[in-house]
Amino acid sequence: MLKNKIIYLCFLIFTIALGIYKDGYISTILFYTALLLPVVSLSLILFTMASFRLLENVDQRIVVKGDVITYTYEISNHTKLLFCPMTIEFTDSKVLFKDTILGEEDEFILYPDEVKKAVKKVDCRYRGSYYIGIQSISIRDFFNLFTIKFKSIENPKILVYPKIRELIQVNKYTSLIESNESIVSKTNKDPSIFSNVRDYQSGDPLKAIHWKLSAKQGKLLVKENEGNINSRTKIIINYDSLPFSFEYNVVMQDYIIECVVATIKYLLENNTPTYLSYYKFDMQYISASNINDFGQFYNVLANMMFSGREFISILEKELGSFAQYANIMIFTPYITKELSEYILLNRARIPDINIYIINENKCEVGSILTDQDKQPLVDLLSNNIKVYKISYENELCRLEVA
């Protein structure tokens, strides 16, 4: 484009010089031609921009990670004039849509009454809710002097559910194994038999409330089923916004959510009462004690938003009732300075906490943390705080001691 502009400027200067030194009909026509060329070019671009019609669609809007969806776009010229050359640029997706043809640009010219239709297969590789399709359409004139990008495009949005993996622990000292007796309840006793009651907490299922005793005491009381008294697990997810690019954030959030899904599945399969604290516009809570309730966790985690900024204050509130739980599990993409400082400052009054982070050496985006970002993890490990790294292999979720 720069070369064409230089040629045009040279031509304009030539017509001006020709008109000065040799005035006449031809030199005047050449001058006005050079003068009007940019106006005509811009007018054709604006006409094309105002006249084309675009339609985008996907065959599925709700899928599971690993599914392949069909994305279709149609762009049409319903006028009797030729459109300027158009280049379609798709969603910047070098990470999200790697190894798919969605990342390639399409360039074409639409003739009068022509409709261009393209069908592309897209591999949904990461959990999350995001837009897919055309990011912008660049329209340039026939002389390649100007280019205008059209960006007011409403793309279809898809929701990708996380993959359900089996949880394995390669180290015999990982939290779910070393605390097996107190964390995972494998009792087969009748759940109607209870041995204790306690005050109702946000997230407790309504079916666990002892209604008769609650009426007598004037407050809600929850039944403790025999065999599950000290086996409750509380899962807390760091929902704070990540400071990286949108694509990297989606990948890191996907890593965390899939591990939470695998962990909850493992716990519920072993009849362990599990409480999840998560963020959706504000703090929400959900709880269950058997695998039949796994679906509600799965739906929540598929739609969970990472858009908070107050994780430490929320964490302090959530840990206020730690005595009710045998195990606290914190899932965070990486150890922040604020999280490290809070845990070290309050370690005397909080229980043994297990922290789960991404294994950056095995994550697809690689290590994007600076040495300064990694220092908080070093501080926790040097103070014997239990930290485990998450990685994936085929259909398995692996936990390794950091």
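**Strand pairing, helix packing and a lining pocket in a predicted model**

Asn 144 is found in the loop that connects β8 (134-140) to β9 (147-150). The structure described here is a predicted model, and in it the phi angle of Asn 144 is near 60 degrees, a positive value in a residue other than glycine. A positive phi near 60 degrees also occurs at Asp 113, likewise a residue other than glycine. Asp 113 is placed in the loop between β5 (106-108) and β6 (115-123). With a relative accessibility of 43%, Asp 113 counts as partly exposed, because that class covers values between the 20% limit for buried residues and the 50% limit for exposed ones.

With regard to the chain as a whole, ten helices and 20 strands are present. Of the 402 residues in the chain, 48% are buried. When contacts between residues at least 6 apart in sequence are considered, 73% of them join residues at least 24 apart.

One element of this architecture is an open sheet of three strands, arranged in the order β2-β10-β7 with mixed pairing. The strands β2 (62-64) and β7 (128-131) occupy the edges and have a single partner strand each, so one side of each is left without a neighbour in the sheet. On average, neighbouring strands of this sheet are turned by 25 degrees against each other, direction ignored. Strands of a sheet pair through backbone hydrogen bonds, in either a parallel or an antiparallel sense. Both senses are represented here: β2 and β10 pair in the parallel sense over three bridges, whereas β7 and β10 (residues 157-161) pair in the antiparallel sense over four bridges. On the parallel side, Ile 62 stands opposite Leu 159 in β10. On the antiparallel side, Tyr 130 stands opposite Ile 158 in β10, and the bridge partner of Tyr 131 is Lys 157, also in β10. Four of the five residues of β10 are buried, so this strand is largely enclosed by the rest of the structure.

Helix α7 (residues 294-303) lies across β2 and β10 and runs at about 135 degrees to β10. Within α7, the buried residues are Phe 294, Phe 297, Tyr 298, Val 300, Leu 301 and Ala 302. An α-helix has 3.6 residues a turn, so residues three or four places apart point the same way. The packing partners of the buried α7 residues are β2 and β10 together with β14 (233-237), α6, β15 (274-280) and β16 (282-288).

Several of these elements also take part in the second largest pocket, the volume of which is about 310 Å³. Its lining comprises 16 residues, and those nearest the centre of the pocket are Arg 127, Ser 129, Gln 253, Met 304 and Met 305. At least two lining residues are supplied by each of β7, β10, α6 (246-269) and α7. The greatest contribution to the lining of this pocket comes from α6, with four residues. By class, the lining of the second largest pocket consists of eight nonpolar, five polar and three charged residues.

A further set of paired strands is centred on β18 (residues 353-358). Six of the six residues of this strand are buried, so β18 is largely enclosed by the rest of the structure. Strand β17 (residues 327-331) pairs with β18 in the parallel sense over four bridges, and Phe 331 stands opposite Tyr 356 in β18. Strand β19 (residues 386-393) also runs parallel to β18, to which it is joined by five bridges. In this second pairing, Ile 358 stands opposite Ile 390 in β19.

Glu 338 is found in helix α9 (residues 337-346). The relative accessibility of Glu 338 is 48%, and this residue therefore counts as partly exposed. Glu 338 and Ile 312 are separated by 26 residues in sequence, and their C-alpha atoms are 7.2 Å apart in space.

Note on methods. Residues numbered from 1 in each chain as written. Predicted model: local features only at pLDDT ≥ 70, side-chain atom pairs only at ≥ 80, totals over all residues. Heavy atoms only, no water. Pairing = 2+ DSSP bridges. Axes fitted to C-alpha atoms, helices over the stretch in contact; angles between N-to-C directions. Contact = heavy atoms within 4.5 Å. Buried < 20%, exposed > 50% of the residue type's maximum accessible area, 1.4 Å probe, protein only. 1 Å grid on protein atoms, 1.4 Å probe; cavity = no way out; pocket = protein on both sides within 12 Å on 5 of 7 lines; lining within 4 Å. Points joined across faces, edges and corners; volume = space filled by probe spheres on them. Nonpolar A, V, L, I, M, F, W, Y, C, P; charged D, E, K, R; others polar.
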